Amino acid sequence: MAAVYVLTIWLIIVSLFMLLARSFDLEIFFVLWLIGILVIAELLDSGQVRTTSMKYVHFIIAVGIVVFGAIVAQKILEILAR
Amino acid sequence: MKNTIPVWAVIIAGLLALAGLLYFSLVSPLLYSPENAKAETRFQLNTDALTPAPINSTTDVYPLMQDLLDQPGSITLNIRLRDPASAQADLAAYLKTYKNLDNVVLNLDMTDSEIENFTKSADLQDELFSQLLNETGTLDSLKNLEVRYRDSNDPDMVVSVQYQGAALQKRMSDLYAKYKAEHGANLAIGQKYGLLTAKYNQSLDDFQRIVIEAQEQFGSGPVVPVKSGSSGNPVIILAIDPDTAVYRDTIRFIGYLYPVTGNNTPVAILLDGSSLQNITADAHGEFTGSFVVEKIPAGPHMLVAEAEGVTSRNTSLEVLLVNSTTTLDAYADTDHIAALCNGTVIANLPVRFAPVSIIENNRTIFNATTDENGIYNVSVPVSYGRHLLIARFDSQKYPVNASESEPAEIVLEKPVTPSSATSPGGFSFVSFLIGVCIVSFSAAGAFLYFRKKTAPVPEEPEEKSSRGQDTVSSDQGIAAPEMQEVLHQASESTKDGRLDLQGLFEKTESEQGISTAAFTVYRVLAGRAADLHHIDRFVTQTPRQMAALCMEEPFGQAFSRFVYAYEIIRYAGKTDPETRSLFLDALSLAANLIMGDRT
């Protein structure tokens, strides 16, 4: 539960700065969320315990990595198209 | 970790944060990101270009004082040579130097000093120079007017001009007296600090020559206002110079009101019947002023002065047309689907606040206005494609002929996005392939990550355990097969429900060797010890850690000895009979104490 709080606070901080700058970018928001959840997963994962919830977290991260790859692909194509 | 933050507190905090975000989204951004910030100068675009502010010190004071002593020479010389533009520029530089020195004096806390007096005097001198520049302009206008009225055989106006000249000459003499006093004080301070004063002295000479020139011209004029018309009737006289002007020429007007009814009598200057300026006459009934020909149509105009119900004679002003030049530079702005248009409108000088039309196909698509420098800079919304734009200045309100720029062509192309790259019209197989490769690569990475993170934890290999890392993760999650085997062996070695660790040791020794046998009985014994001592995940502890954790228990000493013998077999690799005997003794003692009646 503490991990959920930490991740929520992290996302609120990210949103705050984006709104203060009047520059909300969903892609940057997603990447920062992915970084946050990766850090939390690494801190929670003891290497000795395999809980079901951690399995779900790793699954979400794996999906996030695929989406991240899609964002990178889109950016590269935008640069190539110029 | 125990949760100490209640859910309702998190919800309230979230709502407050959301309200805060909404508030900040409505006001101007507090943090300026590069895409939002509008850089007014190149320094805002690149903060590295900013240079650190100079550090003020006493070494900064003397150069500034020297500048303040040198610059008046140039100012008075330019006024004397009738170069008002250069004089204005010198005055601006003088003011800037004065402000720099004033800042230094404040920063260095040099108030109540001679340098502070020097600075104050420089401020006063700046004002005197401005007045001198203004009065010199009036002096020149009066000279021109005197010649004009003499030529037109208008003795009343000649005498009026002479009276005004005499008053002007007196004002200039007063100015000179003030300047002389300030000059003397500052000269003494400058000499005290060893500054050069030659140019400063020259400024006094030039000042004096200007005043003498005025005296020579108007020194013999009448000292009281000249009445015009019948005695006792109020009279107002207005004269302008020059009487022919083009765009942005300065027209100076002078006049006087008689009889004087009091100080600050309001006087209205009318141009073609419309109010142009409202000024006040001084205690002697004199009034002067000037205006710049800007938004005045070309052609003849009439100027009159009005005060207390009396109107002056009509004074004619002829404004002539001048040609203008309009320029246009246009750039395509694909981000905003617009054309960035900028350019200038110049007559003899930049045409200020003038309307400029951006025209495409003889149709006005945007109206812009020049700034005070005659520059316009606008973003004109246009569609994608090719556009031929023209900027046109055409206003009858200015004494400036219409003009239009050369056509400027822009091509606004649709930005190529990944979606359009893969669309039938702009399909790019290479781009598609690159995209697929990257996504596939990331999918493969995600798969490997997921598989690694969710794979069963492998049991520690025997080789690793023999290096003192007897940690096994089989008590949580999936039990290792070896552990199942140990438990099976242990259950087989029971005698009437009691464990026979020695028998288990001997049986395992005969099958797999003494090292494995020692490891097997250690795990059974350590497991029981962990049970008694409530040690979680005992298999993650090394034998020595287990011994240390159990030291406070009654069986701590015996278990420690057992671990000692265990390490000799497992880590030192000794298998001689003496070591075996030592191990069995330690095992027996520890097992008796740990297993109790179960052994």
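**Exercise 1.** Determine which residue of β3(B) is the bridge partner of Ala239(B), and place this pair in its sheet.

*Solution.* In this predicted model, the bridge partner of Ala239(B) in β3(B) is Ile254(B); strands here are DSSP runs (E, at least two residues), numbered from the N terminus. Turning to the strands themselves, β1(B) and β3 (residues 250–258) of chain B run antiparallel and are joined by seven bridges, and two strands pair if DSSP finds at least two bridges between them. The open sheet consists of three strands in the order β1-β3-β6 (chain B), with antiparallel pairing. Its edge strands, β1 (235–241) and β6 (286–292) of chain B, each pair on one side only, and neighbouring strands are turned by 20° against each other on average, direction ignored.

Residues are numbered from 1 along each chain as its sequence is written, and chains are lettered from A in the order in which they are written. Local features need pLDDT of at least 70, side-chain atom pairs count only at pLDDT 80 or more, totals for chains, interfaces and linings use all residues, and side-chain values use heavy atoms, without hydrogens and water.

**Exercise 2.** Describe which strands helix α5 of chain B lies across, and which strands helix α6 of chain B touches.

*Solution.* Helix α5 (residues 114–151) of chain B lies across β1, β3 and β6 of chain B and runs at about 100° to β1(B), the angle being taken from 0 to 180 degrees between N-to-C directions of axes fitted to C-alpha atoms. Helix α6 (residues 155–192) of chain B packs on the sheet and touches β1, β3 and β6 of chain B, its direction making about 100° with that of β3(B); contact means heavy atoms within 4.5 Å.

Notes: Helix = DSSP H or I, 4+ residues; strand = E, 2+ residues; numbered from the N terminus.
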